[in-house]
Amino acid sequence: MDARFNMFDNETAMKFFKRFANAGQVIQRSSLPQSTQELVSLRASQINGCGWCIDMHTKEAVAAGESAVRLNLVAAWREATVFTEAEQAALALAEEGTRLADAHQGVSDETWAQVRKHYDDDQIAALVALVALINAANRLAVIVHQRGGSYQPGMFAGAFE
């Protein structure tokens, strides 16, 4: 399946991506650990079936030093011993925040309590914004059939400034 539309070769899309990337920079520069950011982005992308984003966040995580074992276990994080309690809270928030239509209450009180236990207010703001942003990115890529496999770590560094 080829991409339906080249979002990277359209003036309107590039104007949007510049602003989108600026929002992402706020999250990247936050005190939320980079490894947590990549794990959350990867998990939401897995749920949404976004090959482009799975490719991107797996490769960015590896480039940042994340282990293959942890990346391979993200999809089954509840059944793994390699994630901290804080990372488990972030992954639970990512799942519940991504699957909003599956639960009438959205994010559970239990998950929220775990997030509050492990993260400060600035990190929570970044985490909530990240879940929203990665879900938007997943939808953009899935709608136009942007396929995974060609991403290179850092390939967009400075591209939208």
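Colleague: Which residue's backbone nitrogen lies 3.0 Å from a polar atom of the side chain of Ser108?
Modeller: Keep in mind that this is a predicted model. Ser108 sits in the loop between α5 and α6. A polar atom of its side chain is 3.0 Å from a backbone nitrogen, and that nitrogen belongs to Thr111.

Colleague: Does Ser108 count as buried or exposed?
Modeller: Being in a loop, between α5 and α6, doesn't settle it. The cut-off for buried is under 20% relative accessible area. Ser108 comes out at 18%, so the label is buried.

Colleague: How far apart are the end C-alpha atoms of helix α5?
Modeller: Let's start from what to expect. Helix α5 covers residues 85–98, which makes 14 residues, and at 1.5 Å a residue they should span 20 Å. The model agrees with that, because the end C-alpha atoms are separated by 20 Å.

Colleague: And how many of the residues of α5 are buried?
Modeller: Among the buried ones are Ala86, Leu91 and Thr98. The buried residues pack against α2, α4, α6 and α7. The helix is largely enclosed by the rest of the structure, because the buried count, out of 14, is 12.

Colleague: How many disulfides does a search of the whole structure find?
Modeller: A disulfide needs two cysteine sulfur atoms within 2.5 Å. For Cys50, the nearest cysteine sulfur is that of Cys53, 3.3 Å away, and Cys50 is in no disulfide. Cys53 is in no disulfide either. Searching the whole structure gives a total of 0.

Colleague: What is the relative accessible area of Cys50?
Modeller: Buried means under 20%. Cys53 is buried, at 3%. Cys50 is buried as well, and its value is 1%.

Definitions and conventions: Residues are numbered from 1 along each chain as its sequence is written. This is a predicted model: local features need pLDDT of at least 70, side-chain atom pairs count only at pLDDT 80 or more; totals for chains, interfaces and linings use all residues. Side-chain values use heavy atoms; hydrogens and water are left out. Helices (H or I, at least four residues) and strands (E, at least two) are DSSP runs, numbered from the N terminus. The expected span of a helix is 1.5 Å times one less than its number of residues. Buried means under 20% relative accessible area, exposed over 50%, partly exposed in between (1.4 Å probe, protein chains only). Contact means heavy atoms within 4.5 Å. A polar contact is a pair of N or O atoms within 3.5 Å; within protein, one must be able to donate a hydrogen and the other to accept it, and residues adjacent in sequence count only if both atoms are side-chain atoms.
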